Amino acid sequence: MSKLVIAEKPMLARDIARAITGKEVSESARLPISGNGYTVCACAGHLLELVKPDAIDPKWGMPWSLDVLPIEVHDWPKEPAVDKKTGESKKPLIDQIAGLLKTCDSVIAAGDPDDEGQLIVDELLDYLGYAGKVERVYVNDNIEKNIVKAFDKLVPNDSCRGAGNAAYARQMADMCFGVNETRLATKRLDGLFTVGRVQTPTLGLVVKRDEAIAHHVTRKFYELFASGDSDAGELTFKYLPGKELLAGEKHLFERHTLEALKEKLDGRDLHFETTVSKKQENPPLTLQPSSS
């Protein structure tokens, strides 16, 4: 009985193969790698992408028209993606995995333990029409003994598909928002304007920040400090004005307020108590993915 393990990326696939196939696996070993009843292969991130709108309906292509908006497809088809760095199609890798599916008895989905990792394998299996048994493994680190433990805790992949559906929903939101708003803005503003669900608000933040810097007016503000002695040595105290003095600002811009306070404190001896303590703060624990 053979199981096909589909990892999200080659590096993870080699680490998995090193842990479960019983073979020596180098950092540059060619995939797939087989042993101990497993065959390990890898995707290269998303192997599929949503097709362009005009591939679904020619009227959604150039020249753009407001009459066809909104563009809405409930089950947007996908096609082999193109590597953005090399410009090469990922179809050969899809074909390789399709061939491996024909020789295996079941599949273990080993995408990264997040929404995108779930979707990367799910969408590929759906695209290839695979209807066999699929299990899910969550590899949280690439230490061999922990990978072995993870493979002892396989769960049905159907119970994990909700995470992939969430990633697909964001993918669809990006596409639908982008194609509709880009066309709408371009036609109404008489120029090519690209609009994106993430791109546009991010660009807006950058523009607002640039405007704030460009129109920044230098203003002097004032702070009050006092020095004192303690068993630990000389200490410096900083006066923190309350909200009633700040009046919505971050600093005090009127000098006379602090000067009046300084006159009352100059030359006075005030006793104080202080406690010095050491605190150790550990980094947050790695989030464990939910299997539901």
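This note reviews the cysteines and the nonpolar cores of the structure above.

1. The structure is a predicted model, in which local features need pLDDT of at least 70 and side-chain atom pairs count only at pLDDT 80 or more, while totals for chains, interfaces and linings use all residues. Residues are numbered from 1 along each chain as its sequence is written, and side-chain values use heavy atoms, with hydrogens and water left out.

2. A disulfide is a covalent bond between the sulfur atoms of two cysteines. Here it is taken as a pair of cysteine sulfur atoms within 2.5 Å, and a search of the whole structure finds zero. For Cys 43, the closest cysteine sulfur is in Cys 41, 6.7 Å away, which is too far for a bond. Cys 104 is likewise in no disulfide, since the nearest cysteine sulfur, in Cys 41, lies 8.9 Å away.

3. Cys 43 has 0% relative accessibility and is buried (under 20% relative accessible area; exposed is over 50%, partly exposed in between; 1.4 Å probe, protein chains only). Cys 104, at 13%, also counts as buried.

4. The largest nonpolar core (buried Ala, Val, Leu, Ile, Met, Phe, Trp, Tyr and Cys residues joined through side-chain atoms within 4.5 Å) has 20 residues. Helix 1 gives the largest share, six residues. Helices (H or I, at least four residues) and strands (E, at least two) are DSSP runs, numbered from the N terminus.

5. Val 5 is among the residues with the most contacts inside this core. Its contacts (heavy atoms within 4.5 Å), not counting residues up to four places away in sequence, include Ile 16, Ile 20, Val 40 and Phe 151.

6. Another core, apart from the largest one, has 19 residues, among them Leu 47 and Cys 104.
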